[in-house]
Amino acid sequence: MNSNKKFILMITGIITVVIFWISWVSLNPADEKAMATFVSVDELLEDNITHRTKLGGLVKDGSIVISETNHLDCVFILKEGDLELEVKYGRTRPDLFKDGAEVIVTGLYENGVFHADELQTKCASRYEGDLRNEKSYNLSEIDS
Amino acid sequence: MTPIAGSVALNLAFGFSILTVLTLFLYNKNGDERLFLTGQRLALGISFFVFLATFILAYQLVQSNFDIDYVARYTSLETPVVYKISALWAGQSGSLLFWLFILSIYTTIVILQNQQKHNSLMPWVIITLAIVQMFFLVLTNYVTNPFKPTDADFIVSNGNGLNPLLQNVTMAIHPPTLYLGYVGFSVPFGFAISAMINRDTSPLWIQSIRRWSLVAWLFLSIGIILGGWWAYRELGWGGYWAWDPVENASFMPWLTATAFVHSIIIQEKKDMLRVWNMVLIIITFTLCIFGTFLTRSGVMSSVHSFTGSSLGPIFLTFVFSIMIVSFGMMYFRRNDLRSTKKMESFTSRESGFLFNNMIFVVMCFAVFWGTLFPVFSEAIRGTKITVGPPFFNQINIPIGLILLALTGIGPLLAWRKTGKKILIRNFTFPIITGLIVAILLLIIGLRGAVVISFSLGAFVTATITTEFTRGIQARRKKFNESIITALIKMVSKNRSRYGGYVVHLGIVFMFVGFTGHAFDQEKEFSLKVGESNHVAGYNFKLIQMSETERPNHYAWISDLRVTNDEGKFVTNLHPEKRIYFHRNPDPNRRQPHSELDIYTTMNRDIYSIFSGVDSENSVAFIKIMVNPLVQWVWLGGYILVFGTIVALWPRKDQ
């Protein structure tokens, strides 16, 4: 076999191994937290999905209840349109988590409650919104 | 008045870009030298008007002219001047103008540098760059104009202000460095396209873009590292890399660019891999545009759909056009791109480079696959599945370790073919070093990828040491020099080679840091003044909690006394809980922010976050993380930068 053929064979070999490896990890991720299906609250409730899911929505005003004992456990209502979902979360909350915040939660849905282990708020690098909704727009007389 | 001047400047730049392309097209048709000169000047004109527009926007930001929507959105009267200027790249339209600004700086340098050089290549180089400028001019003129006036139905007395997370020196430097990297690859890309059109197969143009590519690569590297540093210091989740789409957007072109700066050495020295290099620079440039698109269009942040921003379709069209035109051109020029020489042996430097290249591209593909997994899964199975860091880590750890191994193996291979004797001579010491480290780690009870990573690190360090000592010894024998003189002379004779080794050493340091991540520990708890808690061999006692009001925020400051298990004092940590815009009557507009505090040593970082406060009962909620070896990542970054500068430093005779 001449060296050129050997190289082509080897390169094909590498590509095959890589495709196999990537598909294998994609189908059997080692960590159960490696993947989550993005669903709407509607789909979650309707299909009663119990595997790991990701949901986006707004925190309902006044719905945040924080545990008096350890101040970490918290319950709030996630709103997506007219639908509401109770979410439990027990880790350090991001700074931007508050009433009306846009959040993405990841976790498992069990017995009517969503147990989240990840809670993300709208990221800083996408700090873009509609100016008309920005209430601080005429701030000068307040902040002086 | 002046905002209009900005818009006019952008309009003129757009007009000039059209004229530049037309003039140089004509020149290519009839070869009239005057047309070439005109084309060059018109191209400089594009850059001039872009500079003008950028300065006008910067000036408006500093002057707080809230009649401009962009200024009102990203700055307020209270914003410090530095951050008023950095607001230039804080938002979408501004950052696109800033991209264009950097591209214009590069274009100007290329034109001025090559007035007497590469005369056959330059027209097409300028055309390519002008077309890229034209694309960004279309965006800033007609899609998302930074000079757009504020809506006329209300008057703005003060702007929004810059997000406090972005009011940070690192965050002011990180985007420009990243952009200097992204945009820098336009120049090698322009040369590659021009070389194809001109059927120029000489290695000459490759030499002239090697430096450009290294500079762009250096900026991209610094940009990525600074981003990680900022995330680690500011965001408070205790890590520096999360495989976030925006991070991946910068990492993918970095991977292909790293492959490129390696494989152009082969083309320069051996005139091989012509096709491969062409593919790499096209992909790298495309990924740079794609990266800007991922970061700026909001495709990935809005988890719902592509429709959020009008930028998406335009960017994607541009990305596909680049690929179709470039690869189409490669097809038509396939005969010119055929290399005359072939690989001779597996155990050659050339094949080492080829392997390393393939692995880089493979890794890039893996990252690409994960980043767009939600899009693919939706197309194939109808459900949007997102993948998190565990997925990326699982896929990339083996690939990364292979790369690390190749970092050590490659430089020890000889050009063309490495004989058995030399193989044994070169590899004995490094392999033994690696094995000793592996055995020691196994004895102290470590297992798995951690052991492989550390021992490969030792192996690579040993190969680098061998290369240096062998070179120094050879010089000392020949010229009877002192060690220091021999070292300096050896490096300055072959800067790119030894600079490259230093970069490799930096990479080893970074891998040591990455590996430390396997030992991270964290704990969340609440403390009253006087109470303490225990994490990973350290004791944390809340000595006191104070409150203070500063110009733009209100802060609770904790005083944590850290002792080790023997009761010996380690340090005091003062993480803060801050409320920005604290005087705003609307509580929703007040923005809490946790300012963390880190105690750093080479062995480990003690990372403290003040996540919440109950001021009535004076209880602080604290999160502590003990992250081993993080410092090695940043140190590796410094070494990498130093090594690249050594490789780039011009020789006296050049």
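**Domains, strands and aromatic contacts in a two-chain model**

The C-alpha centres of domain 1 and domain 2 of chain A lie 40 Å apart. In the domain assignment of chain A, domain 1 covers residues 1–30 and domain 2 covers residues 32–125. The structure described here is a predicted model, and the features of its two chains are taken up in turn below.

Chain A holds three helices and seven strands, and its elements follow one another from the N terminus in the order α-β-α-β-β-β-β-β-β-α. Of the 144 residues in chain A, 38% are buried. When contacts in chain A between residues at least 6 apart in sequence are considered, 47% of them join residues at least 24 apart.

For chain B the domain assignment gives four entries: domain 1 (1–167), domain 2, which is made of the segments 168–334, 351–365 and 379–389, domain 3 (390–517) and domain 4 (519–632). Taken over C-alpha atoms, the centres of domain 1 and domain 3 of chain B are separated by 45 Å.

The two chains are linked by strand pairing, since strand β1 of chain A (residues 35–38) and β1(B) pair in the antiparallel sense over four bridges. Within this pairing, Thr37(A) stands opposite Ile385(B) in β1(B). In a regular strand the side chains alternate between the two faces of the sheet. Strand β1 of chain B (residues 384–387) can be read in this way, with Lys384(B) and Thr386(B) pointing one way and Ile385(B) and Val387(B) the other way, and all of these residues are buried.

A further arrangement of strands in chain B is an open sheet of four strands in the order β2-β11-β10-β9, with antiparallel pairing. The edges of this sheet are formed by β2 (521–528) and β9 (597–600) of chain B, each of which has a single partner strand, so that one side of each is left without a neighbour in the sheet. From one strand to the next, the twist averages 20 degrees. Inside the sheet, strand β10 of chain B (residues 604–614) and strand β11 of chain B (residues 619–628) run antiparallel and are joined by 10 bridges, and the bridge partner of Arg604(B) in β11(B) is Pro628(B).

A hairpin is formed by β3(B) and β4(B), with two residues between the strands. Strand β3 of chain B (residues 532–535) has a covered face, to which Asn533(B) and Val535(B) belong, and an uncovered face with Ser532(B) and His534(B). Four bridges connect β3(B) with strand β4 of chain B (residues 538–550), and the two strands run antiparallel; in β4(B), Phe540(B) is the bridge partner of Asn533(B). In this hairpin, Ala536(B) takes a positive phi near 45 degrees.

Aromatic side chains were examined next. Over all chains, the structure holds 49 aromatic pairs. One of these is formed by Trp229(B) and Trp634(B), which meet edge-to-face with 5.4 Å from centre to centre and 85 degrees between the planes. Because Trp229(B) lies in helix α9 of chain B (residues 204–235) and Trp634(B) in helix α21 of chain B (residues 630–648), the pair ties together parts that are 405 residues apart in sequence. Trp229(B) counts as partly exposed, at 27% relative accessibility, whereas Trp634(B) is buried, with a relative accessible area of 5%. Another edge-to-face pair joins Tyr331(B) and Phe332(B), with 5.7 Å from centre to centre and 75 degrees between the planes; here Phe332(B) is exposed, with a relative accessible area of 62%.

Charged side chains also lie over aromatic rings. Arg233(B) is placed over the face of Trp229(B), at 4.7 Å from the ring centre, and the charged end of Arg349(B) sits over the ring of Trp415(B), 5.2 Å from its centre.

Finally, Phe454(B) is found in helix α18 of chain B (residues 449–479). With a relative accessible area of 17%, Phe454(B) is buried, because buried means under 20%. When residues up to four places away in sequence are not counted, Phe454(B) touches Val437(B), Leu441(B), Val512(B), Thr515(B), Phe519(B) and Leu629(B). By contrast, the C-alpha atoms of Phe454(B) and Ile197(B), which are 257 residues apart along the chain, are separated by 47 Å.

Note on methods
Residues numbered from 1 in each chain as written. Chains lettered and ligands numbered in written order. Predicted model: local features only at pLDDT ≥ 70, side-chain atom pairs only at ≥ 80, totals over all residues. Heavy atoms only, no water. Domains from an automatic or database assignment. Phe/Tyr/Trp six-rings, centres within 6.5 Å; stacked < 30°, edge-to-face > 60°. Buried < 20%, exposed > 50% of the residue type's maximum accessible area, 1.4 Å probe, protein only. Lys NZ or Arg CZ within 6 Å of the ring centre and 35° of its normal. Pairing = 2+ DSSP bridges. Axes fitted to C-alpha atoms, helices over the stretch in contact; angles between N-to-C directions. Contact = heavy atoms within 4.5 Å.
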